[in-house]
Amino acid sequence: MKTAVITGASSGIGEACARLLAGGGWKVFLVARRRERLENIASEINGHAIVVDVTKAQEIDVGPVTRCDLLVNCAGGALGLDAVGQANADDWTNMFNTNVLGTLRMIQLLLPRLVESQGCIMNITSTAALAGYEGGGGYCAAKSAQRALTQSLRLEMKGVPVRITEVLPGMVNTPEFALNRLRGDAERARAVYENVDRPLAANDIAQVVVGVANLPAHVNVDEIVVRPVAQRAQHALFRGDLRWRDKQSSLHSSIVKGEYQ
Ligand code: 8X3
């Protein structure tokens, strides 16, 4: 049975990946800090919870993971929208710790098993790794660093049959991303996605992750940028009705509605 380890698995993209992989017959280890949430999800999908904070190296125990075919590094996120001139260094430390060092630690811990199984590492970065934007200094810097780490690792693993993929999502409407970034301000978090006709959902990214993971072992997708149709580039976001032909079309689809209620 193929085995996957997913960080950030208690919500958003990580949770969606865990659910989709488990549904596809994978054995899944779910890694995250929030015990109750994590254990509930794990028991729903017949997975295994590893309750741990990826920013605390000494606490991470991957002992139960005796085999690893796929590591998906989803733990991360953004804090604040401060301009660089006014940025809070603690927020930056936090973002680097989760997005960059958390990824580094998990790779270091599981690399021997990934090599042994000739597996796959998938780092979920962001389109924020491709270009800076106003107020994004810390997050863009952290995601750029995570991207750079991924690129270096891929080169260092020359001659080793381990696949290394970077997935760069654009606008994904998850219940927590904007809310965390905006420090719990639900109104502002809702406004991020306002009038965007079908932002991506966590499950869209999970489908990409699982699709890439299931490719033949010699096929390495180096990087994959995934945006909603409404977002042609970081600053080219269309707000308005895209007039989809199918029935689910609506600015008020269930994905958007109720996320912050
Ligand atoms: C999230 C994408 O545009 O908020 O990773 O930076 S963005």
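This report describes a predicted model, beginning with its ligand and going on to three helices and two loop residues.

## Basis of the model

Because the model is predicted, local features need pLDDT of at least 70 and side-chain atom pairs count only at pLDDT 80 or more, while totals for chains, interfaces and linings use all residues. Residues are numbered from 1 along each chain as its sequence is written, and side-chain values use heavy atoms, with hydrogens and water left out.

## The ligand and its surroundings

Around the ligand stand Ser-126, Ala-128, Tyr-133, Tyr-139, Gly-170, Phe-177, Arg-181 and Gln-234, a residue being counted as near if one of its heavy atoms lies within 4 Å of the molecule. This shell divides into 4 nonpolar, 3 polar and 1 charged residues; here Ala, Val, Leu, Ile, Met, Phe, Trp, Tyr, Cys and Pro count as nonpolar, Asp, Glu, Lys and Arg as charged, and the others, Gly among them, as polar.

An oxygen atom of the ligand lies 2.6 Å from an N or O atom in the side chain of Ser-126, and for the side chain of Tyr-133 the corresponding distance is 2.5 Å. With the side chain of Gln-234, an oxygen atom of the ligand is again paired with an N or O atom, at 2.5 Å. On its own the ligand has 240 Å² of accessible area, of which the protein covers 82%, as computed by the Shrake-Rupley method with a 1.4 Å probe.

## Helix 1 and Gly-12

Helices (H or I, at least four residues) and strands (E, at least two) are DSSP runs, numbered from the N terminus. Helix 1 has 12 residues and reaches 17 Å from its first C-alpha to its last, close to the 16 Å expected at 1.5 Å a residue, where the expected span is 1.5 Å times one less than the number of residues. Of the 12 residues in helix 1, 9 are buried, meaning under 20% relative accessible area, with exposed being over 50% and partly exposed in between (1.4 Å probe, protein chains only).

Gly-12, which is found in helix 1, is buried with a relative accessible area of 17%. Leaving aside residues up to four places away in sequence, Gly-12 touches Thr-174 and Ala-202, a contact being heavy atoms within 4.5 Å. Although Gly-12 and Ala-202 are 190 residues apart in sequence, their C-alpha atoms are 5.5 Å apart in space. Helix 1 is followed by Gly-25, whose phi is positive, near 95°.

## Helix 7 and helix 4

Ala-202 is also one of the buried residues of helix 7, which include Ile-205, Val-209 and Ala-213. The buried residues of helix 7 pack against helix 1 (12-23), strand 4 (70-73), strand 5 (120-124), strand 6 (163-169) and strand 7 (223-226).

In helix 4 (residues 137-156), the end C-alpha atoms are 28 Å apart, which agrees with the 28 Å that its 20 residues should span. Its buried residues include Tyr-139, Lys-143, Arg-147 and Arg-154, and Tyr-139 also belongs to the residues surrounding the ligand. Among the partners against which the buried residues of helix 4 pack are helix 3 (89-117) and helix 5 (177-181).

## Two loop residues

Gln-118 lies in the loop between helix 3 and strand 5, and has a positive phi of about 55° although it is not a glycine. Asn-195, placed in the loop between helix 6 (186-192) and helix 7, likewise is not a glycine and has a positive phi of about 60°; Asn-195 is partly exposed, with a relative accessible area of 41%.

Methods
Polar contact = N/O pair within 3.5 Å; in protein donor to acceptor, adjacent residues only side chain to side chain.
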